Amino acid sequence: MSQILQTTHELVTLAGDPVIPGFTPSLPGTLQNPTGKILGWTAGVGLSLAVLGGLTGWACVAIGHNSERAQLASRGKSAIVWSLIAGIGIGVTSGLVWGFYSMTQGK
């Protein structure tokens, strides 16, 4: 396998001109502001809904525990876990989008 990679490297080096053209992907200036606003609103609304889901889950746990409804408490506990997963997912996704966007801008 390393012989194939070595041969490919030599062919690319011997070609002289760059095989891969220089290309810097970026959004047009007219799309940068609306795209940022849409991503910001989406992340904000998503995190708000995750918090609301967590609070509702805690309420279900409290009501289910005090009224001896084990099924309601169980659903509340799973709602809390899924709200945490959703919040973490939104945070990670927005970080990845921002990271890739920054990499394309060369900053």
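I began my notes at valine 92, which has its place in helix H3. A reminder to myself before going on: this is a predicted model.

Next I looked up how open valine 92 is. Its relative accessible area is 47%, and because partly exposed covers the range between 20% and 50%, valine 92 counts as partly exposed.

Which residues join valine 92 in a nonpolar surface patch? I found Ile88, Leu96, Phe100 and Met103 alongside Val92, and the patch they make comes to about 550 Å².

I then turned to serine 83, also a resident of helix H3, which spans residues 70-105. Is serine 83 buried or exposed? I noted a relative accessibility of 13%; buried means under 20%, so serine 83 counts as buried.

I wanted to know what serine 83 touches beyond its neighbours within four places in sequence. My list reads Ala50, Gly53 and Gly54.

Then I stepped back to the whole protein chain. How many helices and strands does it have? I counted 3 helices and 0 strands, and from the N terminus on the order is α-α-α.

I checked burial across the chain too: of its 107 residues, 9% are buried. Serine 83 is one of the residues that count as buried.

For contacts, I kept to pairs with a separation of 6 or more, and 47% of these join residues 24 or more positions apart.

My last entry is on the surface. The protein chain exposes about 8,800 Å², and I wrote down that carbon and sulfur atoms supply 70% of that area.

Technical notes
Residues numbered from 1 in each chain as written. Predicted model: local features only at pLDDT ≥ 70, side-chain atom pairs only at ≥ 80, totals over all residues. Heavy atoms only, no water. Helix = DSSP H or I, 4+ residues; strand = E, 2+ residues; numbered from the N terminus. Buried < 20%, exposed > 50% of the residue type's maximum accessible area, 1.4 Å probe, protein only. Contact = heavy atoms within 4.5 Å. Patch = residues over 30% accessible without salt bridge, like charges linked within 9 Å, V, L, I, M, F, W, Y side chains within 5 Å. Areas by Shrake-Rupley, 256 points an atom, 1.4 Å probe, with all protein chains shown as cover. Salt bridge = Lys/Arg side-chain N within 4 Å of Asp/Glu carboxyl O.
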